[in-house]
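Colleague: Could you take a close look at one part of this protein for me, namely its largest pocket, and then set that part in the context of the chain around it?

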Amino acid sequence: MINITERSACCGCTACANICPHGAITLQQDAMGFTYPVVNPKVCTNCGLCDKVCAFHPQYDITENLPSPIPYGARHKNLAEIETSRSGAVFVALADWMLSQGGVIYGAGYKGHFQVAHKRATTRDEYFEFKGSKYVQSDMEGIFRNVREDLQCGKKVLFTGTPCQTAGLRSYIGKKLRNNLYLTDIICHGVPGPNIWRDYIAFLEKRKGSPIVEVNFRDKSRLGWQSHQESFKFKDDTYTYTYTYTFYKHIMFRPSCGNCPYCNTTRPSDITLADFWGWEKTDKKFNVDDKGCSLVLCNTEKGVTLFESVMPNLNTIAPRLDDCLQTHLKKPSVLHPLSNQFESDYIKYGIEYVIKKYCKETLSERIRKRAGRLKRKILRKIQTIL
């Protein structure tokens with residue numbers, strides 16, 4: 001019987017609740033919107049499946065992994081796809097290949113009023129909303145079972161999510177059905193609470209007096225690929241920014257994000273995708289237009305085969321792995337020392353209070369941000385000349 005005594009020991013992947021044959025496990029939200037399994041002892045038979053399926057530990061399955069991942073830098077050959085994607089639009093190439101095979105795609109989209117949730121797609125129009133970053137833990141209700149049903153019907157499935165989600169799904173599906181399951185994870189900083197995001201949207205709409213009609217967690221069309229700011233478009237055609245500043249403080253992450261076992265180069269997926277910071281070490285002209293490029297790590301033979309299938313649609317470079325080692329390929333995020341106080345204040349006083357208390361940039365932070373923007377402009381000019 002699974003028993004979560006420390007919140008940092010559970011990533012909320014939903015594998016345990018989905019595998020229980022008796023429906024003894026329900027997922028209950030805390031104040032931040034993070035879900036945790038709760039067992040009904042009157043229904044539980046102590047079969048142990050929930051403990052067995054849990055993959056959130058350092059001994060997760062790596063039997064299919066290559067000795068070392070094969071890295072690539074990649075950009076879609078269609079510039080329009082890059083401009084509407086977060087990085088280099090490699091996900092688009094993977095998703096289009098999956099559709100060509102009659103397969104199914106699962107990724108993070110929206111339900112309701114911009115609430116982040118995993119969804120199923122069988123067309124380009126349906127998977128379009130999976131493109132781009134989403135800095136909120138996604139709702140996974142029913143998704144693992146839907147994936148299993150598709151695999152049982154003989155369909156190929158591409159699932160994209162955080163590494164804890166891909167690890168949980170891999171364990172839940174098991175080896176018998178895994179041949180047609182293609183797992184893609186992202187290099188993840190951590191996930192903020194869904195309720196924080198919900199209340200933040202409501203706060204912005206109240207302050208503006210206008211409903212939000214479009215959300216972009218990292219708006220490179222307005223702010224450039226290397227920017228780390230979101231944009232919210234309101235019905236009155238105005239914009240505002242601020243959410244990702246708080247995200248990068250690591251103050252509203254799930255407790256397990258500071259204890260993540262997947263922050264290494266032995267990933268629980270076939271392919272890992274991320275922004276490719278440091279691309280210029282391999283090719284100074286590869287992303288000279290600053291539209292964005294993707295880092296791709298092929299972690300398994302299946303991942304290599306999948307990526308080779310989509311390479312005709314991509315421009316690629318082959319960097320050294322050492323030139324790709326971002327922080328979260330080495331260690332998990334360090335949670336802010338005031339994380340618990342942030343949560344306590346949010347529960348007691350609400351979203352407006354924590355925004356005023358925790359979301360103000362200091363003078364040194366503003367100077368550092370402006371210096372970073374100036375540095376990027378200078379580098380782009382130098383690279384254009386070269």
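**The largest pocket and its surroundings**

Modeller: In this predicted model, the lining of the largest pocket is made up of 49 residues, and those lying nearest its centre are Ser133, Ile186, Ile187, Leu273 and Ala274. The space within the largest pocket amounts to about 1,000 Å³. Sorted by class, its lining comprises 20 nonpolar, 21 polar and 8 charged residues. Several elements of secondary structure contribute at least two lining residues each: the helix α4 (90-100) and the strands β4 (104-111), β5 (115-121), β6 (157-161) and β11 (271-275).

Two of these strands, β5 and β6, also lead to helix α7, as both are among the elements against which the buried residues of α7 pack. The others in that group are α1 (15-19), α2 (49-53), α6 (143-152) and β7 (181-186). Helix α7 spans residues 163-173 and is mostly covered, with 10 of its 11 residues buried. The buried set consists of Pro163, Cys164, Gln165, Thr166, Ala167, Gly168, Leu169, Arg170, Tyr172 and Ile173. After α7 comes glycine 174, which has a positive phi, near 80°.

Helix α12 (residues 339-349) offers a second case to examine. Its buried residues are Ser339, Phe342, Glu343, Asp345 and Tyr346. These lie on the same side of α12, because the arc they cover around the axis is only 165°. On the face turned away from that buried side, α12 carries the exposed residues Asn340, Ile347 and Lys348. The cover over the buried residues of α12 includes α8 (194-208) and α13 (351-358). A glycine follows this helix as well: glycine 350 comes after α12, and its phi is positive, near 95°.

As for the protein as a whole, it contains 14 helices and 13 strands. Of its 386 residues, 52% count as buried. Among contacts with a separation of 6 or more, 72% join residues that are 24 or more positions apart. The accessible surface of the protein comes to about 18,000 Å², and carbon and sulfur atoms account for 52% of that surface.

To return to the pocket you asked about, its lining draws on α4, β4, β5, β6 and β11, each with at least two residues, and β5 and β6 are also partners in the packing of the buried residues of α7.

Definitions and conventions:
Residues numbered from 1 in each chain as written. Predicted model: local features only at pLDDT ≥ 70, side-chain atom pairs only at ≥ 80, totals over all residues. Heavy atoms only, no water. 1 Å grid on protein atoms, 1.4 Å probe; cavity = no way out; pocket = protein on both sides within 12 Å on 5 of 7 lines; lining within 4 Å. Points joined across faces, edges and corners; volume = space filled by probe spheres on them. Helix = DSSP H or I, 4+ residues; strand = E, 2+ residues; numbered from the N terminus. Nonpolar A, V, L, I, M, F, W, Y, C, P; charged D, E, K, R; others polar. Buried < 20%, exposed > 50% of the residue type's maximum accessible area, 1.4 Å probe, protein only. Contact = heavy atoms within 4.5 Å. Areas by Shrake-Rupley, 256 points an atom, 1.4 Å probe, with all protein chains shown as cover. Arc of directions from axis to C-beta.
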